[in-house]
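Dear colleague,

Please find below the structure that I am handing over to you. My notes on it follow.

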Amino acid sequence: MGKDVIIACDFSSAQATFDFLDKFTEEKPFVKIGMELFYAEGPSIVKEIKKRGHKIFLDLKLHDIPNTVKKSMAVLSKLDVDMTNLHAAGTVEMMKAALEGLTREDGTRPILIAVTQLTSTSEERMQKELLINASINDTIVKYANNAKEAGLDGVVCSPLEAGMVKESCGKEFMTVTPGVRFADGDVGDQVRVTTPEKAKEIGSDYIVVGRPITAADDPVAAYRRCVREFVG
Ligand code: C5P
């Protein structure tokens, strides 16, 4: 499994995204396209970025009945993305259906990972509003195990949760972790953050980095620093 840095391209238009990607003349970073850009520009943004030679993590976090998710995943698979995701809360049956939909006729498929509990959900709200009477950590580990049982490749989680997920699901089970900041950088609105070096130590397979790269004075230098610290 190749460790890599994924840049969160949280831009609102195709033009802003291309202006950013044009800065990279030597490397082709793995990029994450989220709901904002996808809803603004549609599938063509995925095709355009793919044509430029980038790997793509399409972060749409699907959550619906198994049949709908299966059919939607089949569409995403045809877009030729490299990684995509869904909510583990959709149950093991939904995750299995997603995997079926995603698998192409030749047996290949994009990497499929699950969101366990969003990092914006506090334990208090999860218990009070969602009536889940377990700790947030037990919930994350249980959802990760459900994803593993369904045959998924891994989960999206905070780097600080990656260790316990690996411990329970095995080190081959992938962890993709946002919430990364340089030791001397701005934390912004992220609460539980880790440096690229620390994420490497904990065992993250991919780190997702947005503003520390996209808002840097020199995004290419910031990307290279991330790769140096995380991949080595
Ligand atoms: O700019 P920043 O590095 O905070 O960007 C992190 C990216 O990872 C954003 O696209 C954000 O939506 C995403 N993300 C996150 N926390 C999660 C899931 C996704 O920060 N739990």
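Which helix and which strand each supply at least two residues of the shell around the ligand? They are helix H10 (211-214) and strand S8 (206-209); helices (H or I, at least four residues) and strands (E, at least two) are DSSP runs, numbered from the N terminus.

This is a predicted model, in which local features need pLDDT of at least 70, side-chain atom pairs count only at pLDDT 80 or more, and totals for chains, interfaces and linings use all residues. Residues are numbered from 1 along each chain as its sequence is written, and side-chain values use heavy atoms, with hydrogens and water left out.

The residues that surround the ligand (a heavy atom within 4 Å) include Ala8, Asp10, Thr119, Gln190 and Pro212. By type, the shell divides into five nonpolar, three polar and four charged residues; Ala, Val, Leu, Ile, Met, Phe, Trp, Tyr, Cys and Pro count as nonpolar, Asp, Glu, Lys and Arg as charged, and the others, Gly among them, as polar.

Three polar contacts (N or O atoms within 3.5 Å) may be of interest:
- A polar side-chain atom of Lys32 lies 2.9 Å from a ligand oxygen.
- For Arg181, a side-chain N or O atom is 2.8 Å from an oxygen atom of the ligand.
- At Gly210, a backbone N or O atom is 2.8 Å from a ligand oxygen.

On its own the ligand has 460 Å² of accessible area, of which the protein covers 81% (Shrake-Rupley method, 1.4 Å probe).

As for the whole chain, its C-alpha trace spans about 45 × 40 × 30 Å along the principal axes.

With kind regards

Terms used:
Polar contact = N/O pair within 3.5 Å; in protein donor to acceptor, adjacent residues only side chain to side chain.
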